[in-house]
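Hello,

Here is the structure I promised to pass on to you. Have a look at it first, and then read on for what turned up in it.

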Amino acid sequence: MLPSMAGLSEHTREQIALHRQVAHMYRRRSAYPFAEAFQDERNAILMSLAPARPAPGPAGTAATDVPAAATVRALDLGCGTGITIDLLVERYGEAVGVDVSQEMLDGYQRGPDSPVELVRADMAALPFLEGRFDVVVCRSALHHMDDEVGVLSEICRVLAPDGSLILGEPANDNVLTRAARWWVRRRPSFGKLHTIDRAYTRRQLRELLEQAGLEVRREQRFGFIAYPLCDNPDLVPVLKLLPFAGGIAAALRAVDRLLARIPVVKNQSWYTMLEVGRRTGRP
Ligand SMILES: C[S@@+](CC[C@H](N)C(=O)[O-])C[C@H]1O[C@@H](n2cnc3c(N)ncnc32)[C@H](O)[C@@H]1O
C-alpha cells in the first residue's frame with residue numbers, strides 16, 4: 001500500500017526513521033499500572049466523543065429473527081502500536097488502522113481471526129475512496145505532520161458526510177505547560193523520543209480544522225497535574241520511583257477531573273479531545 005519512499009516527503013521519511021527508534025518505547029509506556037490507568041481514563045474520554053454503537057435494526061420475523069446492527073466503518077489514523085484500535089473493535093466490531101511506520105504497526109498484537117485491517121500508508125495520501133469511514137480516530141498524530149491542513153482535508157475526503165473525526169492532541173494554551181515542554185525538550189532523553197513536538201492552542205487547532213472544511217462539534221479538555229507525571233514515565237521518571245505511585249496518581253487524576261469542569265481553568269489543560277465534523281453547509 002505504501003508508495004515508494006521516493007514519493008514520501010522528507011518530513012515523512014524522518015517520521016519513519018524516528019518511529020523505528022521509538023516503537024519499543026510505546027509498547028513499554030503503559031507498562032506501569034499508574035500509567036496504564038491514566039491512558040485508560042484518557043481513552044475512555046476520547047471514546048465518549050465517538051458515536052455510540054448503532055442500535056440493532058428492527059426485528060425480522062419468526063425463525064430468521066436476528067436483528068442486524070448497521071455497520072460503522074472505523075479508521076484509526078496514525079494508529080501506532082494500536083492503543084485505540086481495540087477500543088474501536090470493542091464498540092464497532094471491526095476497524096482499520098493506518099500508520100506510516102512498519103515498526104509501530106508491528107507493535108500491535110493481532111490474533112489470526114482479528115477483525116482489524118492494518119494498512120501501511122501516509123496520512124497525507126490515504127488509499128481509500130471518498131466517504132469510506134463513519135468514524136476516524138486520530139490520537140496524538142496530527143502534530144507529527146508538516147502539512148496539517150493537507151492531512152485534515154484528506155481526512156475530510158474519506159469521512160462520510162455525517163461522519164465524525166475524533167481528534168486527540170497536546171494543547172498549548174497554558175504558559176506553564178509551554179515552559180514545561182520547553183524544559184523537557186532540553187533534556188538529553190528527549191532527543192531519543194521525539195525530533196519534533198508541537199502542540200496547538202485552541203484557536204490554532206480550530207483554524208486548521210476550518211481551513212480543511214471541518215468544525216468542532218464537542219470538546220473535552222484533559223490532563224492537568226497528573227499529565228506530566230503519568231503520560232510518559234520514561235521521560236519524566238518521578239512516579240515510577242515513588243512508593244504508592246498508583247494511589248498518588250489516582251488522587252492527582254481526581255483533582256484533574258475537577259479542574260476539567262471549571263470554566264476558563266479547563267482550557268489550561270495539557271491535552272484536548274474534539275469531536276469534529278464537516279463544516280455545516282459543506283457537501
Ligand atoms: C505519537 S504517535 C501516536 C500513535 C497512537 N495514535 C497513540 O496514540 O499511541 C504518532 C504516530 O503517527 C505516525 N505517523 C507519523 N507520520 C505519519 C504519516 N505521514 N502517515 C501515517 N502515520 C504517520 C507515527 O508512525 C506514529 O505511529
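Among contacts in the chain between residues at least 6 apart in sequence, what percentage join residues at least 24 apart? The figure is 72%. Please keep in mind as you read that this is a predicted model.

Let's begin with the whole chain. Its secondary structure comes to ten helices and seven strands. Of the 283 residues in the chain, 34% are buried.

Next, the interior. The largest nonpolar core holds 60 residues, and those with the most contacts inside it are Leu77, Val136, Ile155, Leu165 and Cys230. As background, nonpolar side chains in soluble globular proteins tend to be buried together. Leu77 is a good residue to click on: leaving aside residues up to four places away in sequence, Leu77 touches Val98, Met123, Val136, Val137, Cys138, Ala141 and Ile155.

Now for two strands. Strand E1 (residues 74-77) pairs with strand E2 in the parallel sense, over three bridges. One pair to look for is Leu75 and its bridge partner in E2, Val96. Is strand E2 (residues 95-99) mostly covered or mostly open? It is mostly covered, with five of its five residues buried. Both faces of E2 take part: Ala95, Gly97 and Asp99 are buried on one side, and Val96 and Val98 are buried on the other.

Helix H6 makes a nice contrast to look at. Of the twelve residues of H6, the number buried is one, so this helix lies largely in the open. You can also check the length of H6 (residues 175-186): at 1.5 Å a residue it should span 16 Å, and its end C-alpha atoms are 17 Å apart, which agrees.

Then there is the ligand. Which residues come nearest to it? Of the 19 residues around the ligand, these are Gly78, Gly80, Val100, Ser101 and Met123. The shell divides into eight nonpolar, eight polar and three charged residues. Helix H1 (residues 10-29) gives the most to this shell, with four residues.

Finally, try finding Phe128, in the loop between strand E3 (116-120) and strand E4 (133-139). Why does Phe128 count as partly exposed? Phe128 has 16 C-beta neighbours inside 10 Å, and partly exposed covers the counts between 12 or fewer, which is exposed, and 20 or more, which is buried. From Phe128 to Glu154 is 26 residues in sequence and 9.9 Å in space, C-alpha to C-alpha.

Enjoy exploring!

Best wishes

Key. Residues are numbered from 1 along each chain as its sequence is written. This is a predicted model: local features need pLDDT of at least 70, side-chain atom pairs count only at pLDDT 80 or more; totals for chains, interfaces and linings use all residues. A residue is near a molecule or strand if its C-beta atom, placed from the backbone, lies within 6 Å of it. Ala, Val, Leu, Ile, Met, Phe, Trp, Tyr, Cys and Pro count as nonpolar, Asp, Glu, Lys and Arg as charged, and the others, Gly among them, as polar. A nonpolar core is a set of buried Ala, Val, Leu, Ile, Met, Phe, Trp, Tyr and Cys residues joined through C-beta atoms within 7 Å. Two residues are in contact if their C-beta atoms, placed from the backbone, lie within 7 Å. The expected span of a helix is 1.5 Å times one less than its number of residues. Two strands pair if DSSP finds at least two bridges between them.
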